[in-house]
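I opened the model to look up helix packing, pockets and a few single residues. My notes follow in the order I made them.

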Amino acid sequence: MKKSTFVNLIVGVVAGLLFALGMCMCLLPEWNAFNQGVVVTAVGGIALLAQAIVVFVRSGKKFQINWKLTGKILFGTLAALVLGLGMCMIMVWNLMLPGIVVGVVGIILLLCLVPMCIGLK
């Protein structure tokens with residue numbers, strides 16, 4: 001592993017952890033740390049964005065949108081949101097049966113990503 005790749009890995013993990021911790025601080029009322037969570041989330045998000053820009057600039061490639069990859073990312077995001085909605089329906093809103101159905105639909109959508117990204121042979 002090259003030194004730059006290792007540094008990217010470390011920066012990405014730390015920035016991702018900051019972002020996730022900040023989101024927990026914002027969304028868990030028991031922690032009573034909303035304002036601090038916003039700051040920590042912003043720092044993590046800015047670090048992740050800065051890392052992406054540095055990696056892109058160092059690669060020397062011309063910016064070009066890959067529409068297939070963009071569609072896969074949007075589909076994966078939608079599938080994860082559907083699964084999360086099913087979990088919220090069960091754990092927060094006490095809607096057990098509809099939450100299970102929505103969660104299973106989310107899992108099926110996430111499973112559809114495998115042939116979409118890797119393909120079937």
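I began with H1 and H2, which are roughly antiparallel to each other. The term applies to angles over 145 degrees, while under 35 counts as roughly parallel, 65 to 115 as roughly perpendicular and the rest as oblique. The axes of H1 and H2 (residues 34–59) cross at roughly 155° and come within 7 Å. I took axes as lines fitted to C-alpha atoms, for helices over the stretch in contact, with angles from 0 to 180 degrees between N-to-C directions. Helices (H or I, at least four residues) and strands (E, at least two) are DSSP runs, numbered from the N terminus.

This is a predicted model, in which local features need pLDDT of at least 70, side-chain atom pairs count only at pLDDT 80 or more, and totals for chains, interfaces and linings use all residues. Residues are numbered from 1 along each chain as its sequence is written, and side-chain values use heavy atoms, with hydrogens and water left out.

I then noted the hand: H1 passes H2 in a left-handed crossing. Left-handed means that the near helix is turned anticlockwise from the far one by less than a right angle; clockwise would be right-handed. The contact of H1 with H2 divides into 14 nonpolar, eleven polar and one charged residues. For these classes, Ala, Val, Leu, Ile, Met, Phe, Trp, Tyr, Cys and Pro are nonpolar, Asp, Glu, Lys and Arg are charged, and the others, Gly among them, are polar.

**Residues along H1**

Which residue lies 4.3 Å from Thr-41, C-alpha to C-alpha, although 19 residues separate the two along the chain? I found Gly-22 there. Gly-22 is in helix H1. Its relative accessible area is 0%, so Gly-22 is buried. The cut-offs are under 20% relative accessible area for buried, over 50% for exposed and partly exposed in between (1.4 Å probe, protein chains only).

Ala-20 also pairs with Thr-41: the two are 21 residues apart in sequence and 7.1 Å apart in space, C-alpha to C-alpha. Ala-20 lies in H1. At 39% relative accessibility, Ala-20 is partly exposed.

Ala-15 is another H1 residue. I checked its partner, Ala-47, which is 32 residues away along the chain, with 5.7 Å between the C-alpha atoms. Ala-15 is buried, at a relative accessible area of 1%.

**The loop between H1 and H2**

I looked at Asn-32, which sits in this loop. Asn-32 is not a glycine, yet it has a positive phi of about 50°. Is Asn-32 buried or exposed? At 69% relative accessibility, Asn-32 is exposed.

**H3 and H4**

I turned to the axes of H3 and H4 (residues 96–117), which come within 7 Å and cross at roughly 160°. That angle makes H3 roughly antiparallel to H4. H3 passes H4 in a left-handed crossing. By class, the contact of H3 with H4 has 20 nonpolar, five polar and one charged residues.

In the loop between H3 and H4 I noted Asn-94. Phi of Asn-94 is near 55°, a positive value in a residue other than glycine. Asn-94 is exposed, with 66% relative accessible area.

**Pockets**

I used a 1 Å grid over the protein atoms alone: a pocket is an open set of points with protein on both sides within 12 Å along at least five of seven lines, a cavity is a set where a 1.4 Å probe fits but cannot get out, and lining residues have an atom within 4 Å of a point. Points are joined across faces, edges and corners, and a volume is the space filled by probe spheres set on them.

The largest pocket has a volume of about 220 Å³. Its lining is Met-23, Leu-27, Gly-84, Met-87, Cys-88, Met-91 and Val-92. Which helix gives the most to this lining? H3 does, with four residues. Helix H1 (3–27) and helix H3 (67–91) each supply at least two residues. I logged six nonpolar, one polar and no charged residues in this lining.

The second largest pocket has a volume of about 150 Å³. Phe-56, Phe-63, Gln-64, Ile-65, Asn-66, Leu-69, Thr-70 and Ile-73 line this pocket. H3 supplies the largest share of the lining, three residues. The lining of the second largest pocket has five nonpolar, three polar and no charged residues.
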